[in-house]
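Reader: Please take one part of this model and look at it closely, starting with a cysteine and the residues around it, and then go on to whatever other side-chain arrangements deserve attention.

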Amino acid sequence: MRPLTTTAQTDLPALDAYDLIVIGAGAVGENVADRAVQGGLSVLIVEGELVGGECSYWACMPSKALLRAGSVLRAAHAVPGARSAITGGIDAAAVLASRDAVASHWDDAGQVRWLQKTGIALARGHARLDGERRVVITAADGSSRTVTATHAVAICTGSTAAMPPIPGLAEARPWTSREITSTETVPARLAIIGGGVVGCEMATAFTSLGSAVTLIARSGLLAGVEEFAGEAVAERLRADGAEVLLGTSPERVDRAADGTVAIALPGGRMLEVDEVVVATGRAPVTGDLGLETIGLEPGSWLEVDDTLRVRGHDWLYAAGDVNHRALLTHQGKYQARAAGDVIAARASGASVDDAPWGAHVATADHDAVPQVTFTSPEVASVGLTAAQAEQRGLRTRIVDYELGWLAGATVHGDDYRGTARMVVDEDRGVIVGFTLVGDDVGELLHAATIAIVGEVPIARLWHAVPSYPTLSEVWLRLLEGYGRP
C-alpha cells in the first residue's frame with residue numbers, strides 16, 4: 001500500500017460538543033458537513049485515513065486516470081490522419097505518474113485546507129459510537145476523547161471490497177480496488193475475479209497498459225445493466241487481447257513463495273499470474289463503529305428512509321455506500337446534500353420538504369440512478385432496464401438504435417459501433433430507462449437523466465432538437481423508431 005500523508009488541522013478549537021458529528025471524511029462526509037455548516041450548524045468530521053476518501057485516492061479519480069490514455073489512443077487510431085501520426089504505444093510509466101498526480105500523491109493537504117476554509121472541524125482518529133449521540137475518537141497514539149452531538153451523527157464510512165469464499169484466496173493476499181488503482185508497477189500477468197464495474201474497468205485499463213489480463217466472471221459482465229452492454233465489453237476486451245472467462249469461478253487460489261499466484265479453474269486448468277485482483281462486490285465499513293451500543297448489528301448495512309435517517313433512530317443518519325441504496329460517488333454526494341440540509345432544518349425547527357423529489361430527500365435513488373462505466377466501449381445507463389421495468393409490472397415499449405448509423409458516428413471514427421436503448425412507460429408516455437454502449441457515450445447520459453427525472457413526455461421530447469452531426473442525434477432516431485404519440 002502506498003504511504004499516506006495526512007495533514008493536521010490547527011485553526012479550529014477542539015470542543016466537547018458539536019451540533020453534528022460526521023464519521024468519515026470522504027466525498028460523502030464532506031458534503032454532509034458542508035451543507036450542515038451552510039445551514040448554521042457546528043460540525044466535526046472524523047477521519048482515520050485521508051480526507052477525501054476512497055473516490056479521491058483509490059477509486060473514481062485514479063481509476064479514470066489509468067483508463068484515459070487507452071481511450072485517447074483508441075480514438076486516435078480510429079481517425080484517418082491522426083492514425084498515421086501514432087508511432088508508438090502507451091507509456092505505462094507516464095500513465096502511472098499522471099495517476100499519482102490525479103490522486104494528489106496520496107496527500108490530503110488540499111482537502112484539509114478546504115475543511116478549514118469551510119469551517120468544518122477535523123478530528124484524526126477512529127470513531128466509535130458510545131450510545132446515543134456520543135462518539136469516542138481514538139487517535140493514532142492511543143489517546144481518546146469523547147464528543148457529544150447536540151443534534152445528529154452522520155455515518156459516512158463507505159464500503160470496502162468483499163472477499164468471496166474461494167479456498168486459499170484470502171491467504172494469497174489478493175489485490176483489491178485499492179491496490180490495483182495505486183500500484184507502482186504494471187503486472188505482466190494479471191487475473192481479475194469479478195465481472196462488475198471495477199473488474200471490467202481495470203481489465204480495460206491494464207490490457208491497454210500491457211498486462212496479459214484474464215477476467216474471470218461468475219456469470220456475464222456488468223450484471224444489472226442491459227445484457228448487450230456486457231456482451232459488447234467482453235467482445236472488445238477479447239479483441240484487445242484479454243482473456244474473458246464467463247460463467248466461471250475459481251476453485252482455489254494460492255500464492256507461491258516466489259510471489260506468483262496459481263488459480264485453479266474448473267476442468268483442471270491452472271492459471272499462473274503475477275497478481276490477482278478481487279472485484280466481486282462491496283461490504284459496509286460498519287464492523288467497528290459501536291453500532292451494538294445503539295441496538296444495531298455491527299458489520300451491517302444501515303437502512304435509512306429517504307431523508308437518510310437510520311430507521312428507528314431519529315438522531316442518526318447514514319449517507320453513501322454504507323446505506324446500500326446506490327453505491328456510486330455521485331449518488332452518495334446527492335444523498336449527502338439532502339442529509340446535510342435536512343439535519344440543519346430539523347435542528348433549527350424549519351420545515352422539512354420530504355415529499356418525493358423534495359429538497360430533503362433522495363428520491364432519485366429508487367429509479368433514476370445514472371452510471372457510466374469507463375470501459376472500452378463505454379457503458380452509460382440510467383433508470384430501469386427492460387427486464388426491470390417488466391418486473392415492476394410496467395407496460396413498456398423498447399426502442400433500440402445502432403449508433404454506427406448516425407452521421408456523427410461516421411465522423412467520430414472508422415467502424416464506429418454501439419447501441420442505444422430507450423425504455424418507455426406506455427401508460428404515462430415517459431422514458432423510464434435509457435442505455436448507451438459505445439465509445440465516448442458517457443457525456444450523452446445526462447440528457448437521458450434529465451428526461452427521466454423530469455418525466456418529460458415523449459410528445460415534448462420531439463421538440464428537443466439535437467444538433468447535427470453529433471451522437472446526440474440518437475434522440476431523434478429513437479423517437480422516430482417510437483413514432484409520434
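**Cysteines, core and ring pairs**

Author: Cys-156 is buried, with a relative accessible area of 8%, in what should be read throughout as a predicted model. Its sulfur has as its closest cysteine sulfur the one in Cys-55, and because the two are 14 Å apart, they are too far from each other for a bond. A second cysteine, Cys-200, is buried as well, at 0% relative accessibility; the closest cysteine sulfur to its own belongs to Cys-60, and at 16 Å that is likewise too far for a bond. In keeping with these two cases, a search of the whole structure returns zero disulfides, a disulfide being a covalent bond between the sulfur atoms of two cysteines.

What surrounds the first cysteine can be approached through Val-22, since Cys-156 is among the residues in contact with Val-22 once neighbours within four places in sequence are left aside. The other contacts of Val-22, on that basis, are Gly-29, Val-32, Ala-33, Val-43, Leu-44, Ile-45, Val-46 and Ala-154. Val-22 also belongs to the largest nonpolar core, which has 54 residues, and it is listed there with Leu-20, Val-32, Leu-129 and Val-153 as having the most contacts inside that core.

Further along the chain, Asp-425 lies in strand β20, which covers residues 418–425, and it is buried, with a relative accessible area of 3%. Its side chain reaches the backbone nitrogen of Asp-427 at 3.0 Å and also makes a polar contact with the side chain of Arg-428, at 3.0 Å. Not counting residues up to four places away in sequence, Asp-425 touches Leu-394, Arg-395, Val-430 and Val-432.

The structure holds three aromatic pairs. One of them joins Phe-434 and Trp-475, whose ring centres are 4.6 Å apart and whose planes meet at 15°, so the pair counts as stacked. Phe-434 lies in strand β21 (residues 430–438) and Trp-475 in helix α15 (residues 474–482), so this pair ties together parts that are 41 residues apart in sequence. Both Phe-434 and Trp-475 are buried.

Two arginines are also placed over aromatic rings: Arg-397 lies over the face of Tyr-482, at 4.8 Å from the ring centre, while Arg-484 lies over the face of Trp-462, at 4.2 Å from the ring centre.

How values were computed
Residues are numbered from 1 along each chain as its sequence is written. This is a predicted model: local features need pLDDT of at least 70, side-chain atom pairs count only at pLDDT 80 or more; totals for chains, interfaces and linings use all residues. Side-chain values use heavy atoms; hydrogens and water are left out. Helices (H or I, at least four residues) and strands (E, at least two) are DSSP runs, numbered from the N terminus. Buried means under 20% relative accessible area, exposed over 50%, partly exposed in between (1.4 Å probe, protein chains only). A polar contact is a pair of N or O atoms within 3.5 Å; within protein, one must be able to donate a hydrogen and the other to accept it, and residues adjacent in sequence count only if both atoms are side-chain atoms. Contact means heavy atoms within 4.5 Å. A nonpolar core is a set of buried Ala, Val, Leu, Ile, Met, Phe, Trp, Tyr and Cys residues joined through side-chain atoms within 4.5 Å. A disulfide is a pair of cysteine sulfur atoms within 2.5 Å. Rings of Phe, Tyr and Trp (its six-membered ring) pair if their centres lie within 6.5 Å; planes under 30 degrees apart count as stacked, over 60 as edge-to-face and the rest as tilted. A charge sits over a ring if NZ of Lys or CZ of Arg is within 6 Å of the ring centre and within 35 degrees of the ring normal.
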